[in-house]
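Student: I would like to learn how to read a sheet and its buried residues in a model. Could you take me through an example?

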Amino acid sequence: FAYYIARGMSEDEILIKQLVQTNGISHDYVKQIAAKNLAIGPVEIIRLSGKKYDLYVELKNDNQKWWAEFDYYFAVAGRQTERIKGYILPDETRYLMTLAEDFSYYPEDSRLIVENISWHRINQRQIPDWQAYRASHLNIASADIKFIPARLNPLSEKLAFNQLSFKVVNNTAYNYWSVGFVILLYGGGQITGLNHYILNDFMSEQTKFVEISWHGDIGLVDRVEIIPEINIMKDDIYIKYDGGVGQEK
């Protein structure tokens, strides 16, 4: 107590003066560090066969330190498609889609509705280099990609089946319960077809063969893009090793 009377009180006075003199956080600074809105592209529509259509939207997150969780659905022809939980990582472009929807006419009035957005800031103490972290967790490569359009597929007969096969290699040090793959088919530089596939129990250094068939007269395809999707910010995506509690091999 005697020490506080002799030294502490004077130090408290100095601290109070410093706090009073310190400028408050400006509105411009708050805007600078806050998350920017997601960039939502127009709804694109692909007719498959009969009355079935695929709808998709390109979604961009230009934030370098923020990722988001949200709900989304498409409002089409006076009704709503299934509500889906989505996410997007920092500095990422994703494709939100609904596949093989039935409509009696071409759904020109389609809109994407995004609701319940929850923003999360990257903890730089835990992840000092986001790009390196992302690369180490999403290093999943595809190879031996073969696509046979329905019109050239002798097995499809009158059912108009397109057939795609490829290999995927888990080059990460992590075992995943499931990995989603967005599949984009290009013709003449434009997306002419798309699909989504989920692969379960994908272990580190493992190679798996995937084969998919789906309806639609897509036509000739000159490029196939296969994009792995994993929300690497979640802890429950990893298969733990029996020998320990760690996630990494």
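Tutor: We will go through a small sheet first, and then two residues. Keep in mind that this is a predicted model.

Student: In what order do the strands of the open sheet lie, and how do they pair?

Tutor: When you read a sheet, list the strands as they lie side by side, then look at the direction of each pairing. Here three strands form an open sheet in the order 12-11-14, and the pairing is antiparallel. Strand 12 (190-202) and strand 14 (223-229) are the edge strands, since each of them pairs on one side only. From one strand to the next, the twist averages 20 degrees.

Student: How many bridges join strand 11 to strand 14, and how many pair strand 11 with strand 12?

Tutor: Strand 11 covers residues 176-187, and seven bridges join it to strand 14. With strand 12, strand 11 pairs over 11 bridges. Both pairings are antiparallel.

Student: Which residues are the bridge partners of F181 in strand 14 and in strand 12?

Tutor: Following one residue across the sheet is a handy way to see the register. F181 has P228 as its bridge partner in strand 14, and Y197 as its bridge partner in strand 12.

Student: What links strand 11 and strand 12?

Tutor: For a connection, count the residues between the strands and check the backbone angles. These two strands form a hairpin with two residues between them. In the turn, G188 has a positive phi of about 65 degrees.

Student: Now the residues. Is E229 buried or exposed?

Tutor: Compare the relative accessible area with the cut-off: a residue counts as buried under 20%. E229, in strand 14, is buried because its relative accessible area is 14%. Next, look at its surroundings. The side chains of E229 and R94 are joined by a polar contact of 2.7 Å. Setting aside residues up to four places away in sequence, E229 also touches others, including Y87, Y95, V179, G180, V182 and H196.

Student: And M97: where is it found, and is it buried or exposed?

Tutor: M97 is found in strand 7, residues 92-102. With a relative accessible area of 9%, M97 is therefore buried.

Student: Which residues is M97 in contact with, leaving aside its neighbours within four places in sequence?

Tutor: Among them are L55, Y56, Y72, F74 and I84, as well as V182, L194, N195 and H196. It also helps to compare separation in sequence with distance in space. M97 and I45 are 52 residues apart in sequence, and their C-alpha atoms are 9.9 Å apart.

How values were computed
Residues are numbered from 1 along each chain as its sequence is written. This is a predicted model: local features need pLDDT of at least 70, side-chain atom pairs count only at pLDDT 80 or more; totals for chains, interfaces and linings use all residues. Side-chain values use heavy atoms; hydrogens and water are left out. Helices (H or I, at least four residues) and strands (E, at least two) are DSSP runs, numbered from the N terminus. Axes are lines fitted to C-alpha atoms, for helices over the stretch in contact, and angles run from 0 to 180 degrees between N-to-C directions. Buried means under 20% relative accessible area, exposed over 50%, partly exposed in between (1.4 Å probe, protein chains only). Contact means heavy atoms within 4.5 Å. A polar contact is a pair of N or O atoms within 3.5 Å; within protein, one must be able to donate a hydrogen and the other to accept it, and residues adjacent in sequence count only if both atoms are side-chain atoms.
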